[in-house]
There are 2 protein chains.
Amino acid sequence: MDFSNDLIRGSVVPIVLSLLKDKPMYGYEMVKVVNARTGGKLEWKEGTLYPALHRLAGTGLISAKWVAAPKGEAPGRKRKYYSITRKGLRELARRTEEWAQFSLAVDTMLSLG
Amino acid sequence: MDFSNDLIRGSVVPIVLSLLKDKPMYGYEMVKVVNARTGGKLEWKEGTLYPALHRLAGTGLISAKWVAAPKGEAPGRKRKYYSITRKGLRELARRTEEWAQFSLAVDTMLSLG
DNA sequence: CTTGACACCTAGGCTGCCTATGTATACAAT
DNA sequence: ATTGTATACATAGGCAGCCTAGGTGTCAAG
C-alpha cells in the first residue's frame, strides 16, 4: 500500500521532532530509519525531508551541526546532525496531541473508532 | 484544538464516501453532520467540500441529483443530494484500509502505538 | 426590512510533497 | 580504467488540495 501524498502531508514534521527527541540524527539517517521502522510503509523521499528540515531549523524547532563521519564508517563524508530545541519539544507535544485527536476524529467518521 | 490544513488534507474524500455509504446526503448537511459528530473538532468549510464533491462526481465515485426540500422544512430550496456509486464503494474500501495502515504507521513513529 | 439560516458556487492564494537533477566521496565490480 | 552503488547533502519546478473571501438566491423571524 502506497500512501497518497495528501495523507503524508502533515506527518513529516511531528515524526522528525519525535525522532530527534531520542537522539540527534542526520537527514539521510532519518529516511532510512523511518522506512525501516514502518516496514517500508512510510517511504520518505530526500526531496521532501531536506526542505522540511530547513524549515524546522528556520523556525528554531531544531538546530543543525556539521559532523565528520567516523573513519571506520564513512570516511570523508560530512553529516548534518540535527537536535531538537526546547521550543521544538513544546511543538512536539502540541503536534502529538493534535495528531491523537485528529486520528481519533477520522476514525470516528470512518466508523473505525 | 484546531487541526492544521496539512492533516485535514486527504481526510475529506474518505469521510465523504463513508457518509454516503449509509445514505444519500447533500453538501450543506455533510458539513453540519461532520462538525456535530466530531464535537466540533473537525470543522469543514464549504469552500473545501463543494469542490471536493465536484471532483468525486467527476471521477464517478459519487453521483448527484437535485431534490426540492420538503415543504415543511425548507420550502423553495434546492438540495443537491449525492449518492455513492459502486466504484465509490470500492474506493471507500481502499481508502479506509489506506487510512488504517497510515495512522498505524504514524502512531508507531510517534510512539503512540 | 434587515438579519440570519439555509444551500449552492467559484477564483485565487498558499504551502508542502514529489520528481528530477545536481554535487561530491568512497569502494566494489567489471 | 571505468562503471556502478551507497552515502550524504541540496534545490528548482510542478502539482494538488485546503482556505479565504466573495458571490447568488430563498425564506422566516424580529
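A cavity here is a set of grid points where a 1.4 Å probe fits but cannot get out. The volume given for a cavity is the space filled by probe spheres set on those points. The model is predicted. Rolling a probe the size of a water molecule over the atoms shows where empty space is left.

Start with that empty space. The structure holds one cavity of 30 Å³ or more. The volume of the largest cavity is about 40 Å³. Which residues line the largest cavity? They are A:Gly10, A:Ser11, A:Pro14, A:Arg95, A:Glu98, A:Trp99 and B:Leu7. Helix H5 of chain A, residues 86-109, gives the largest share of this lining, with three residues. By class, the lining has three nonpolar, two polar and two charged residues.

Next comes the open space. The largest pocket has a volume of about 380 Å³. It is lined by 16 residues, and those closest to its centre are A:Asp6, B:Val12, B:Val13, B:Ala52 and B:Arg55. Three helices of chain B each supply at least two lining residues: H1, H2 (12-22) and H4. H4(B) gives the most, with six residues. The lining of the largest pocket divides into seven nonpolar, five polar and four charged residues.

Now turn to the sheets, taking chain A to begin with. Three strands form an open sheet in the order S1-S3-S2 (chain A), and the pairing is antiparallel. Strands S1 (25-26) and S2 (62-68) of chain A stand at the edges; each has a single partner strand, so one side of each is left without a neighbour in the sheet. Seven bridges join S2(A) to S3(A), and these two strands run antiparallel. For a specific pair, look at A:Val67, which stands opposite A:Arg79 in S3(A).

Chain B has an open sheet of three strands too, with the order S1-S3-S2 and antiparallel pairing. Its edge strands are S1 (25-26) and S2 (62-68) of chain B, and each pairs on one side only. S1(B) is joined by two bridges to strand S3 of chain B, residues 78-84, and the two run antiparallel. Within S3(B), B:Tyr82 is the residue opposite B:Met25.

The DNA is the next stop. Of the 27 residues around DNA strand C, those that come nearest are A:Arg9, A:Thr48, B:Tyr28, B:Arg79 and B:Lys80. Sugar and phosphate make up 68% of the strand C atoms that come within 4 Å of the protein. Which elements supply the surface near DNA strand C? Helices H1 (5-8) and H4 (46-58) of chain A each give at least two residues, as do helix H3 (27-37), helix H4 (46-58) and S3 of chain B. H4(B) provides the largest share, five residues. The residues of this surface divide into nine nonpolar, eight polar and ten charged.

Individual contacts fill in the picture for strand C. An N or O atom in the side chain of B:Tyr26 is 2.8 Å from a phosphate oxygen of DNA strand C. B:Tyr28 uses its backbone: one of its backbone N or O atoms lies 2.7 Å from a phosphate oxygen of this strand. B:Glu46 reaches a base. A side-chain N or O atom of B:Glu46 is 2.9 Å from a base nitrogen of DNA strand C.

DNA strand D is surrounded by 28 residues, and the closest are A:Tyr26, A:Tyr28, A:Arg79, A:Lys80 and B:Thr48. Of the strand D atoms within 4 Å of the protein, 68% belong to sugar or phosphate, and the rest belong to bases. Helix H3 (27-37), H4 and strand S3 (78-84) of chain A each supply at least two residues of the nearby surface, and so do helix H1 (5-8) and H4 of chain B. H4(A) gives the largest share, five residues. By class, the surface near DNA strand D has nine nonpolar, eight polar and eleven charged residues.

Three contacts of chain A with strand D can be followed in the model. A polar backbone atom of A:Gly27 is 3.5 Å from a phosphate oxygen of DNA strand D. A backbone N or O atom of A:Tyr28 lies 2.6 Å from a phosphate oxygen of DNA strand D. A:His54 uses its side chain, with a polar atom 3.0 Å from a phosphate oxygen of DNA strand D.

Note on methods
Residues are numbered from 1 along each chain as its sequence is written. Chains are lettered from A and ligands numbered from 1 in the order in which they are written. This is a predicted model: local features need pLDDT of at least 70, side-chain atom pairs count only at pLDDT 80 or more; totals for chains, interfaces and linings use all residues. Side-chain values use heavy atoms; hydrogens and water are left out. Two strands pair if DSSP finds at least two bridges between them. Helices (H or I, at least four residues) and strands (E, at least two) are DSSP runs, numbered from the N terminus. On a 1 Å grid over the protein atoms alone, a cavity is a set of points where a 1.4 Å probe fits but cannot get out, and a pocket is an open set with protein on both sides within 12 Å along at least five of seven lines; lining residues have an atom within 4 Å of a point. Ala, Val, Leu, Ile, Met, Phe, Trp, Tyr, Cys and Pro count as nonpolar, Asp, Glu, Lys and Arg as charged, and the others, Gly among them, as polar. A residue is near a molecule or strand if one of its heavy atoms lies within 4 Å of it. A polar contact is a pair of N or O atoms within 3.5 Å; within protein, one must be able to donate a hydrogen and the other to accept it, and residues adjacent in sequence count only if both atoms are side-chain atoms.
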